[in-house]
Amino acid sequence: MRLTTTSGGDSPRMVALKPDFYILGEIWHTSQAWLNGDEFSGVMNYSYTTAILHHFINHELSSNQMIEQLSTQLMKYRDQTNQMMFNVLDSHDTARIMTLAHNNVDLVQQTFAFTFLQPGVPSIYYGTEYGMTGENDPDCRKPMNWHPDGKAKQIFAFFQQLNELRRQNWQLLSEGELSLQVLKNGLIEVRRQFNGRELVGLFNTSNQTVTIDGNGQEVLSQNYEGRQLTQDGFLIYRK
């Protein structure tokens with residue numbers, strides 16, 4: 001269950017009612033003071049996800065700059081806190097990610113696949129799972145698309161696959177060690193390791209095709225065939 005508050009003062013009483021309450025705070029800046037275990041469970045992780053958006057969607061950060069910013073944010077909090085942070089890519093206060101990506105479905109899906117491998121709780125704003133568009137408030141608050149067409153249903157099927165990825169690898173993605181690095185030709189590698197298990201994600205954020213060297217059991221991919229990963233493509237595999 002999730003409870004959203006603007007003050008952490010009631011948190012002890014909420015936890016007393018139900019020990020596994022997830023208490024979410026909306027704070028736009030560094031939030032260490034609210035994340036010591038006696039107020040919020042996590043906050044909307046804007047600094048973390050903004051770095052992802054600025055690289056994948058807006059192309060304002062290089063891959064190395066993005067990883068540097070992500071690493072900086074992770075170092076500000078305890079590992080247990082990072083596991084509980086709320087990773088939101090679009091919301092009622094922002095333009096929808098599909099609009100920011102100029103309706104590039106592959107790019108949106110690549111960005112979410114990367115986010116789903118990160119520490120924290122991935123957030124899907126209502127309708128994003130169907131590819132809804134919308135500029136800034138109030139356009140981002142349009143009514144839900146209750147009659148999705150074929151394209152929207154395909155996007156929904158992709159999000160179901162992402163959710164299944166999290167479900168099947170919940171402990172590895174919740175508690176596993178994280179490694180981020182840039183490989184050849186703008187290829188970003190994400191590694192999650194836990195108790196001898198390893199999940200690897202490769203993301204091509206360049207405009208060139210790259211050859212993949214990794215070996216393992218493919219879990220989920222996009223724009224990948226014959227070891228060739230094209231633009232907006234990704235490959236997630238187990239080792």
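## Pocket, cavity and core in a predicted model

The largest pocket has a lining of 18 residues, and G37, D38, E39, F40 and S41 are those that lie nearest its centre. Two elements, helix 1 (11–17) and helix 4 (79–82), each give two or more residues to this lining. Helix 1 makes the greatest contribution, with 3 residues. The structure discussed here is a predicted model.

### Empty space

Rolling a probe the size of a water molecule over the atoms shows where empty space is left. Besides the pocket, the structure holds 1 cavity of 30 Å³ or more. The table sets out the volume and the lining of each space.

| Space | Volume | Nonpolar lining residues | Polar lining residues | Charged lining residues |
|---|---|---|---|---|
| Largest pocket | about 280 Å³ | 8 residues | 6 residues | 4 residues |
| Largest cavity | about 60 Å³ | 7 residues | 5 residues | no residues |

The lining of the largest cavity consists of I27, W28, H29, S31, V43, M44, N45, Y46, S47, Q73, Y77 and M85. No charged residue is found in the lining of this cavity, whereas 4 charged residues belong to the lining of the largest pocket.

### Helix 2

One of the residues that line the cavity, Y46, is also among the buried residues of helix 2. This helix spans residues 46–56 and is largely enclosed by the rest of the structure, because 8 of its 11 residues are buried. The buried residues of helix 2 are Y46, Y48, T49, A51, I52, L53, H55 and F56.

### The nonpolar core

In soluble globular proteins, nonpolar side chains tend to be buried together. In this model, the largest nonpolar core has 39 residues, and F114, L162 and F203 touch the most other members. Helix 6 (residues 105–116) supplies the largest share of this core, namely 7 residues.

What does L162 touch, when residues up to four places away in sequence are not counted? The residues in question are F112, A113, F116 and L220.

Helix 6 also contains a glutamine, Q109. Is Q109 buried or exposed? The relative accessible area of Q109 is 9%, and Q109 is therefore buried, the limit for a buried residue being under 20%. When neighbours within four places in sequence are left aside, Q109 is in contact with I155, F158, Q222 and F234.

Notes:
Residues numbered from 1 in each chain as written. Predicted model: local features only at pLDDT ≥ 70, side-chain atom pairs only at ≥ 80, totals over all residues. Heavy atoms only, no water. Core = buried A, V, L, I, M, F, W, Y, C linked by side-chain atoms within 4.5 Å. Buried < 20%, exposed > 50% of the residue type's maximum accessible area, 1.4 Å probe, protein only. Helix = DSSP H or I, 4+ residues; strand = E, 2+ residues; numbered from the N terminus. Contact = heavy atoms within 4.5 Å. 1 Å grid on protein atoms, 1.4 Å probe; cavity = no way out; pocket = protein on both sides within 12 Å on 5 of 7 lines; lining within 4 Å. Points joined across faces, edges and corners; volume = space filled by probe spheres on them. Nonpolar A, V, L, I, M, F, W, Y, C, P; charged D, E, K, R; others polar.
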